[in-house]
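Me: I have a model open here and would like to go through it piece by piece. Can we start with how the pieces are named?

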Amino acid sequence: MHYGTLLGLVWSVMYVLIFKSIASPMLMSIAFALYIGSPFIAARYAKSFRDKECGGVIKFPQAWTLLFCIYFCATLFSTLSNYIYLNFFDQGSFLLNAYNLLGETIAIPGIEEAAKESLKAVQELMQQMTTGDIVWSQFSNNVMSSLTVPPIIALFIRKTY
């Protein structure tokens, strides 16, 4: 849980940066770096656990289980923090900014009609979204990551000698 909470903090910062980055490419770059670095951070935590708690030896099933628990705890923590941020601090600003950005993109001259129709469909979908919809979507994406990424990282973390 300790390592999962730490990874959840990283994810929470990443999501807040994503929510704030609609108008800031710099914040989006930092969020993207955290997104790419997240598996490496999890691997670092697993290596630390392996070296401190397991005497430097951990088999694949143990590494996979540890990483799954880290990812699942991070998922729960980041979901809670995303809900708190979007519901109490952001208060719809993210959705409004994204909606307006899509409107500006649609208004750019020279865009094909098919692209405009697709963007308008996304805009209509965004009008119907709530904070809960965004949080549940992120939760389900993080659960999928919890099932797919840990076995890959565990291949690199395992050490049997």
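Reply: A helix here is a DSSP run of H or I with at least four residues, and the numbering of helices starts from the N terminus. Please keep in mind that this is a predicted model.

Me: OK, then where does Gln91 sit?

Reply: Gln91 is found in the loop between H3 and helix H4, the latter covering residues 93-106.

Me: And what is its phi, given that Gln91 is not a glycine?

Reply: Gln91 has a positive phi of about 50 degrees. In general, most residues other than glycine have a negative phi.

Me: Is Gln91 buried or exposed?

Reply: Gln91 has a relative accessible area of 63%, and because exposed means over 50%, this residue counts as exposed.

Me: Switching to the N-terminal end, how do H1 and H2 cross?

Reply: Helix H1 is made of residues 2-20 and helix H2 of residues 25-53, and their axes come within 9 Å of each other while crossing at roughly 175 degrees. An angle over 145 degrees counts as roughly antiparallel, and H1 and H2 are therefore roughly antiparallel to each other.

Me: Which residues of H1 and H2 meet there?

Reply: From H1 the contact includes Tyr3, Leu6, Trp11, Met14 and Lys20, while the H2 side includes Leu27, Leu34, Tyr35, Ser38, Tyr45 and Phe49. Sorted by character, the residues of this contact of H1 with H2 are 18 nonpolar, two polar and one charged.

Me: Where is the kink in H2?

Reply: The kink in H2 is at Gly37, shortly before the proline Pro39, and amounts to about 45 degrees. As for the span, the 29 residues of H2 should cover 42 Å at 1.5 Å a residue, and the end C-alpha atoms are 41 Å apart, which agrees. Just after H2, Gly55 takes a positive phi of about 70 degrees.

Me: Which residues of H2 are buried, and what covers them?

Reply: Gly37 itself is buried, and the buried residues of H2 also include Ala31, Ser38, Ala42, Tyr45 and Arg50. The cover over the buried residues of H2 includes H1, helix H3 (60-90) and helix H6 (131-157).

Me: What about H6, where does it bend?

Reply: H6 bends by about 30 degrees at Val149, with the proline Pro150 following within four residues. From its first C-alpha to its last, H6 reaches 37 Å with 27 residues, which is close to the 39 Å expected at 1.5 Å a residue. Among the buried residues of H6 are Thr131, Gln138, Asn142, Pro150 and Ala154, and what covers the buried residues of this helix includes H1, H2, H3 and H4.

Me: Now Leu66, which residues is it in contact with, leaving aside neighbours within four places in sequence?

Reply: With those neighbours set aside, Leu66 is in contact with Ala46 and Phe49. Leu66 belongs to helix H3, and its relative accessibility of 14% makes it buried, because the limit is under 20%. The C-alpha atoms of Leu66 and Ala154 are separated by 8.8 Å, although the two residues are 88 residues apart along the chain.

Me: Last one, is Ile106 in H4 buried or exposed?

Reply: Ile106, which has its place in helix H4, counts as buried at 11% relative accessibility. Leaving aside its neighbours within four places in sequence, its contacts are Lys116, Leu119, Lys120 and Gln123.

Terms used
Residues are numbered from 1 along each chain as its sequence is written. This is a predicted model: local features need pLDDT of at least 70, side-chain atom pairs count only at pLDDT 80 or more; totals for chains, interfaces and linings use all residues. Side-chain values use heavy atoms; hydrogens and water are left out. Axes are lines fitted to C-alpha atoms, for helices over the stretch in contact, and angles run from 0 to 180 degrees between N-to-C directions. Helices (H or I, at least four residues) and strands (E, at least two) are DSSP runs, numbered from the N terminus. Angles under 35 degrees count as roughly parallel, over 145 as roughly antiparallel, 65 to 115 as roughly perpendicular and the rest as oblique. Contact means heavy atoms within 4.5 Å. Ala, Val, Leu, Ile, Met, Phe, Trp, Tyr, Cys and Pro count as nonpolar, Asp, Glu, Lys and Arg as charged, and the others, Gly among them, as polar. The expected span of a helix is 1.5 Å times one less than its number of residues. The bend at a residue is the angle between axes fitted to the seven residues ending there and the seven starting there. Buried means under 20% relative accessible area, exposed over 50%, partly exposed in between (1.4 Å probe, protein chains only).
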